[in-house]
Amino acid sequence: MASTRILILGDGQVSDALKMYGFGSHLNDRFSGYADIVLRKFPGYTAEWVKTITTSCVKNIGPTPDYVILMLGQGDCVRKVDDLRPVTKAKEFGENLNLIVEKITNEIDITLERLIIISPLPVHTMRLQENFRGLTVDVEVLAKYSEQCRKVASDKGALFIDSMEVLDRALDANLDKDGYTLSPDGHLQLADKLEKVIEISESPFPTFDKVGSAAELKKIAKDASLVAAENISAYTYVATVDQYSAYFGKSYRGKV
């Protein structure tokens with residue numbers, strides 16, 4: 001049983017997070033046995049749309065996540081030729097992001113230092129496919145979105161990661177051939193950055209050389225199962241009593 005639960009919530013930028021080369025899979029491998037990675041991806045969604053479904057997303061994933069990784073922005077400004085939605089203004093994006101953070105912290109018991117806001121990925125304009133429009137505007141708007149992400153994180157006390165700083169030194173290698181999604185190298189770079197800021201709780205299970213006996217291991221497993229059951233029971237109880245604000249900053253966390 002893993003002790004730390006990590007929720008990745010975002011638009012199309014996180015779509016490949018749990019694929020074999022994805023940054024979520026890298027974290028899963030590095031934290032194997034100590035963390036569970038949960039992905040909620042909404043390709044093409046604007047921050048406003050994600051804001052609308054945030055409450056449902058965070059309170060219907062079971063036990064409370066210890067970390068939330070939030071990555072939005074591309075859905076607000078990257079448009080295909082047949083996508084006639086207007087590009088979201090930077091100020092509006094920031095306001096929606098701010099409300100998303102408020103909804104998350106209202107619904108689950110999480111310290112703001114464990115809410116990680118990643119700015120939208122930079123765009124490799126020379127690679128961006130011809131069926132995308134507004135290349136110059138996109139770059140400018142993405143930069144303004146990044147500043148909004150930084151501002152919201154600063155105002156709320158959340159952790160901010162600037163994707164441009166993480167990826168820009170080797171943009172050719174870190175972005176895929178389409179020019180706006182992470183390459184395997186880019187996923188690896190992002191995973192390296194996230195690994196440095198995520199603190200993993202110790203697993204309740206000892207390494208093989210410290211297992212005293214099968215009976216002792218069985219007791220540890222039973223105790224860990226009871227903690228999980230208590231967490232789920234607390235979640236169900238609060239969600240049933242108050243469908244709108246499940247948890248509301250008071251979710252129960254068992255300790256092994």
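# Questions on a predicted model

From the N terminus on, the elements of the protein in this predicted model run β-α-β-α-β-α-α-β-α-β-α-α-α-α.

Biologist: How many helices and strands does the secondary structure of the protein come to?

Modeller: The model is a predicted one. Read from the N terminus, its elements begin β-α-β and end with a run of helices, α-α-α-α. Counted by kind, the secondary structure comes to nine helices and five strands.

Biologist: In what order do the strands of the open sheet lie?

Modeller: The five strands form an open sheet with parallel pairing. Its edge strands, each pairing on one side only, are E2 (35-41) and E5 (159-161). From one strand to the next the twist averages 20°. Read across the sheet, the order is E2-E1-E3-E4-E5.

Biologist: How many bridges join strand E1 to E2?

Modeller: Strand E1 covers residues 4-10 and runs parallel to E2. Within this pairing, Leu7 has Val38 as its bridge partner in E2, and Ile8 stands opposite Leu39. The number of bridges joining E1 to E2 is seven.

Biologist: Which residue in E3 is the bridge partner of Leu9?

Modeller: E1 also pairs with strand E3 (residues 67-71), in the parallel sense and over five bridges. In E3, the bridge partner of Leu9 is Leu70.

Biologist: Which residue in E4 is the bridge partner of Leu70?

Modeller: E3 pairs with E4 in the parallel sense, over four bridges. E4 in turn pairs with E5 in the parallel sense over three bridges, where Ile118 has Ile161 as its partner in E5. For Leu70, the bridge partner in E4 is Ile117.

Biologist: How many of the residues of E1 are buried?

Modeller: In a regular strand the side chains alternate between the two faces of the sheet. In E1, Thr4, Ile6, Ile8 and Gly10 point one way and Arg5, Leu7 and Leu9 the other way, and all are buried. E1 is thus described as mostly covered, and the count of its buried residues is seven of seven.

Biologist: Which residues of strand E4 are buried on the side opposite Leu115 and Ile117?

Modeller: Strand E4 spans residues 115-118, and both of its faces are covered. Leu115 and Ile117 are buried on one side; on the other side the buried residues are Ile116 and Ile118.

Biologist: What angle does the direction of helix H1 make with that of E2?

Modeller: Helix H1 (residues 23-30) packs on the sheet and touches E1 and E2. Together, E1, H1 and E2 make a right-handed β-α-β unit. The direction of H1 makes an angle with that of E2 of about 170°.

Biologist: Which elements are among those that cover the buried residues of H1?

Modeller: The buried residues of H1 are Phe23, Gly24, Ser25, His26 and Leu27. The helix packs on the sheet, touching E1 and E2. What covers its buried residues includes E1, E2 and helix H8 (184-197).

Biologist: Is Trp49 buried, exposed or partly exposed?

Modeller: Trp49 has its place in helix H2 (residues 47-59). Its relative accessible area is 39%. Buried means under 20% and exposed over 50%, so Trp49, at 39%, is partly exposed.

Biologist: With which residues is Trp49 in contact, leaving aside its neighbours within four places in sequence?

Modeller: Asn96 lies 47 residues from Trp49 in sequence, and their C-alpha atoms are 9.0 Å apart in space. The contacts of Trp49 beyond its neighbours within four places are Gly44 and Arg85.

Biologist: How many disulfides does the structure hold?

Modeller: A disulfide is a covalent bond between the sulfur atoms of two cysteines. Cys77 is buried, with a relative accessible area of 1%, and Cys149 also counts as buried at 1%. The number of disulfides in the structure is zero.

Biologist: What share of the residues in the protein is buried?

Modeller: The accessible surface of the protein comes to about 13,100 Å², and 54% of that belongs to carbon and sulfur atoms. Of the 256 residues in the protein, the buried ones make up 46%.

Biologist: Among contacts between residues at least 6 apart in sequence, what percentage join residues at least 24 apart?

Modeller: One pairing that spans the sequence in this way is that of E1 (residues 4-10) with E3 (residues 67-71). Among contacts between residues at least 6 apart, the share joining residues at least 24 apart is 78%.

Methods
Residues numbered from 1 in each chain as written. Predicted model: local features only at pLDDT ≥ 70, side-chain atom pairs only at ≥ 80, totals over all residues. Heavy atoms only, no water. Disulfide = S-S within 2.5 Å. Buried < 20%, exposed > 50% of the residue type's maximum accessible area, 1.4 Å probe, protein only. Helix = DSSP H or I, 4+ residues; strand = E, 2+ residues; numbered from the N terminus. Contact = heavy atoms within 4.5 Å. Areas by Shrake-Rupley, 256 points an atom, 1.4 Å probe, with all protein chains shown as cover. Pairing = 2+ DSSP bridges. Axes fitted to C-alpha atoms, helices over the stretch in contact; angles between N-to-C directions. Right-handed = clockwise from strand over helix to strand, strands pointing away.
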